[in-house]
Amino acid sequence: MRHPGPPRFTSVGEPVELAPRAPDPDADYTWTVADAPDGVAASVPDDPVVEFAPAEPGTYRLRLDGPTRSFTQTVRVFPDERRPARFELHVDDLPVPASELESLCLVSHFNERLVGADRPVREGDTWAFETELPPGHYPYGFCIDDDLHDQVRDDLTVPGPGRPRVRLDATVDGDHVVVTAEPSAAVDSDRGDDDVDVEFFVDDRDSLPADAATVDGRTLRVPVDEAPDRLRVHGVAVGERHSVADTVDVRPGDESTGSESSVVRPNDPPEWAASPTVYEIFVRSFAGETPDTTFAELERRVPYLESLGVDCVWLTPVLESPTTHGYHVTNYFETASDLGSRAGFESFVDACHDAGIRVVFDLVINHTSRDHPFFQFFAAGVDDYDDYYLPRDNDVGAQYYFDWTHIPNLNFGSLAVRDWLLDVVDEWSGVVDGFRCDVAWGVPHGFWKEVHDRTPADFLLLDETIPRDPAYHESEFHMHYDTTLYGALRDVGAGDEPADAVLDAVEDARAVGFPDGAVHLRYVENHDEDRYLDECGAAPLRAAAATPFVLPGAPMIYYGQERGMTEYRGPMAWHDGDTDLTEFHRDLGALRDDHDVLRDGDVERIDYDAPDSAVAFARDDGDDRVVVALNFAADAASVTLPEPVDGTDLLSGDDVATGERSVAVSDAVVLRTE
């Protein structure tokens, strides 16, 4: 039995799940509310895994009694952030006549707050669903007869301020550990940075005397001689809303033993993952038309990955599954028999490491295949497995999301499930360099926090949350799908938005509350989406492909994107691919490697003149400054810049100057400022 983890931060109306860590499935665990704000009555269910949902803000302390020890965990509850939200569909927008409508449901596209929402209510000529949600943007769909392929999609913005942000830093300064907080107000807040408060919380796992820490404004100090061997301090910025918490992990050192002090920021990515070029392989298609893909065939193609300048490869699932995509897992401890042995997989990983390429494993733990033995036992009423899956309301079968009938949802309220899945994490985290976590939005935050603490210090955790959500950065994930930029690139490519929507998407990360240390996976395509070439055509593809490489974060190439493929999971186009496009991607990777400013520099809006199909901006890291221009149209665009530049394009090597401050942009140019 381990301590249940760091303090938790939530708001009224947003329950927080609490669970024992490394649980013994056969042991008894009991939660109680040990301390609550004055005059507030609060309780928790009599279960080992509970949802704590207090009706009043304040600081609560909950006690977990286990078979051998007891622990206390702090939960800070902020005021209710929710506001009224109304989703509407007019009968004229139905894809079938209203008289033929048998059922109608509202679903979010992967947003956990709306998945499985109640049925809309008919109000005259309008179907409506009313609820309360925090400020933000919510894509959704009205689905006919529960068929996700026959639906009306839209999106709703709930007005209100974004989140403030905070960064913690720490030093061991003489006789004290000193933790400083730098908060920043929400982008659209009426408050300035100086008006944002900071709350500090010492981790309940660290035995610090109650009066040892002193707080003066935005600084917390602890005498070294009272500090434990490990001191974890969490900080939250508080404005109109509260921020994602930041954390510092301090080891003060000991002069008597000669150990030196150290400070770690666990929310930051491993150094190698701060800005890698990622390549996603849809495994069973990568060998091409004729050979079957095996680990040996993957290993044979490592030189190709090297030629693209890839730093990290993400493989779709390689575990036993009845499907070609692999997301219906039937055995979590064995590699898929058609791909090869575990030894073959480890040989591929070793070959990647020899080439300087890290390997990310697709971890699928929100659900299993319905062909997994555990689900078969659950469905057949075997007692030991009766709590492994979430039962449907009618107790027939298990819950699933959307129309994913073949992948029932696991029950994280079961200690046996948690214990089993932690074994899965341990099994593979020693083999690969990171996990891409499928349907991360469907797994409780507390479980991801345990995974974060359980994996090696230099291990990458990448979430699939759609839309992206900064809450998953709080002691959970280092890298996040940039769903906002993905959508903007599609809209620009289709001609629905001007090209400067790219900059709006980049700025959105800060507006919704992502800390600067969060890494965003920036991509044009992935295995769940139609190819950009197929959806938007050839004209905007090169500008779209260049965009992730000229922005901070982690640019990703989906296999075949660089070969001009149109089939989103088809055989890799080895013999008939677009070699010019492939070279263009190689040039993009080399450009990013050669110019640190493209990885680390700030994105700065500039006053340029160009058609709507083009956008220009600067990247500046204090030592170097470049101007980037992108053009998504078929014909070259003339872009006039506000500052003088060297006319030689760093990407192509061509002279693109057409005047004193004007350049011709076919797709993408990067120019050093004079």
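User: Which element gives the most to the lining of the largest cavity, and with how many residues?

Analyst: Helix H6 does, with 4 residues. Helices (H or I, at least four residues) and strands (E, at least two) are DSSP runs, numbered from the N terminus. This is a predicted model, in which local features need pLDDT of at least 70 and side-chain atom pairs pLDDT 80 or more, while totals for chains, interfaces and linings use all residues. Residues are numbered from 1 along each chain as its sequence is written, and side-chain values use heavy atoms, without hydrogens and water.

User: How many cavities of 30 Å³ or more are there, and what is the volume of the largest?

Analyst: Rolling a probe the size of a water molecule over the atoms shows where empty space is left. A cavity is a set of points on a 1 Å grid over the protein atoms alone where a 1.4 Å probe fits but cannot get out; lining residues have an atom within 4 Å of a point. The whole structure has 2 cavities of 30 Å³ or more, and the largest has a volume of about 80 Å³ (the space filled by probe spheres set on the points, which are joined across faces, edges and corners). Of its 14 lining residues, Pro-4, Arg-8, Glu-17, Ala-19 and Gly-446 are the closest to the centre. Strand S2 (16-18) and helix H6 (445-454) are the elements that give two or more residues to this lining.

User: What lines the second largest cavity?

Analyst: Pro-6, Pro-7, Phe-9, His-234, Ala-245, Thr-247, Lys-449, Glu-474 and Ser-475 line the second largest cavity, whose volume is about 30 Å³.

User: How many aromatic pairs are found, and what geometry does Trp-314 with Tyr-481 have?

Analyst: A pair of aromatic rings is described by the distance of the centres and the angle of the planes. Rings of Phe, Tyr and Trp (its six-membered ring) pair with centres within 6.5 Å; planes under 30 degrees apart are stacked, over 60 edge-to-face, the rest tilted. The search finds 38 pairs. Trp-314 and Tyr-481 are tilted, at 6.4 Å centre to centre and 55° between the planes. Trp-314 is in strand S22 (residues 312-315) and Tyr-481 in strand S28 (residues 479-481), so the pair ties together parts 167 residues apart in sequence.

User: What geometry do Phe-345 and Trp-428 have?

Analyst: Phe-345 and Trp-428 are edge-to-face, 6.1 Å centre to centre with 75° between the planes. Phe-345 belongs to helix H3 (residues 342-354) and Trp-428 to helix H5 (residues 415-429), so this pair ties together parts 83 residues apart in sequence.

Note on methods:
1 Å grid on protein atoms, 1.4 Å probe; cavity = no way out; pocket = protein on both sides within 12 Å on 5 of 7 lines; lining within 4 Å.
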